[in-house]
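Hi everyone, thanks for coming. I'd like to walk you through a structure that may be new to you, so please have a look at it with me.

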Amino acid sequence: APHAVAAGVSYASLAALPARQAWLHNHEGNRRACSVSLAVALGTAVPLVLSVRDTARTGLWQRLGLTVGHSWMFVTALRSNASL
């Protein structure tokens with residue numbers, strides 16, 4: 001049970017980061033960046049929810065959701081460093 005709770009919190013935060021960024025981009029009027037960030041948030045959250053519901057393919061869904069979320073973080077970090 002503690003592992004499941006920690007994983008759930010971690011997965012939720014991984015999906016929340018691009019969702020929050022989408023909200024910020026929307027308020028800045030940057031529709032393209034908002035759409036990309038929202039798509040990433042969904043691309044992270046949906047597979048992770050499916051990993052709980054489709055127990056036959058839990059590992060596949062987890063890896064898909066985590067790859068999307070972590071890839072977004074990596075690209076965001078690269079872009080942040082490029083502007084320094």
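Let's begin with how two of the helices cross: H1 passes H3 in a left-handed crossing. This is a predicted model, by the way, so please keep that in mind throughout. Which residues make that contact? On the H1 side they are Tyr11, Leu14, Leu17, Pro18 and Gln21. H3 brings Gln62, Gly65, Leu66, Gly69, His70, Trp72 and Met73. If you sort the residues of this H1 and H3 contact by character, you get seven nonpolar ones, five polar ones and no charged ones.

Now for the geometry. H1 covers residues 2-28 and H3 covers residues 58-82. The two pack at an angle of about 45 degrees, and their axes lie 10 Å apart. Why do we call this pair oblique? An angle that falls between 35 and 65 degrees is neither roughly parallel nor roughly perpendicular, and H1 and H3 are therefore oblique to each other.

Let's step back to the whole chain. There are three helices and zero strands, so to speak an α-α-α pattern when you read along the sequence. Picture the C-alpha atoms in a box of roughly 40 × 25 × 20 Å along the principal axes.

How many of the residues are buried? Of the 84 residues in the chain, 25% count as buried. The accessible surface comes to about 5,900 Å², and carbon and sulfur atoms account for 65% of that.

One last number, on contacts between residues at least 6 apart in sequence: 45% of them join residues at least 24 apart. Thanks for listening!

Note on methods: Residues numbered from 1 in each chain as written. Predicted model: local features only at pLDDT ≥ 70, side-chain atom pairs only at ≥ 80, totals over all residues. Heavy atoms only, no water. Helix = DSSP H or I, 4+ residues; strand = E, 2+ residues; numbered from the N terminus. Buried < 20%, exposed > 50% of the residue type's maximum accessible area, 1.4 Å probe, protein only. Contact = heavy atoms within 4.5 Å. Areas by Shrake-Rupley, 256 points an atom, 1.4 Å probe, with all protein chains shown as cover. Axes fitted to C-alpha atoms, helices over the stretch in contact; angles between N-to-C directions. Parallel < 35°, antiparallel > 145°, perpendicular 65-115°, else oblique. Left-handed = near helix turned anticlockwise from the far one by under 90°. Nonpolar A, V, L, I, M, F, W, Y, C, P; charged D, E, K, R; others polar.
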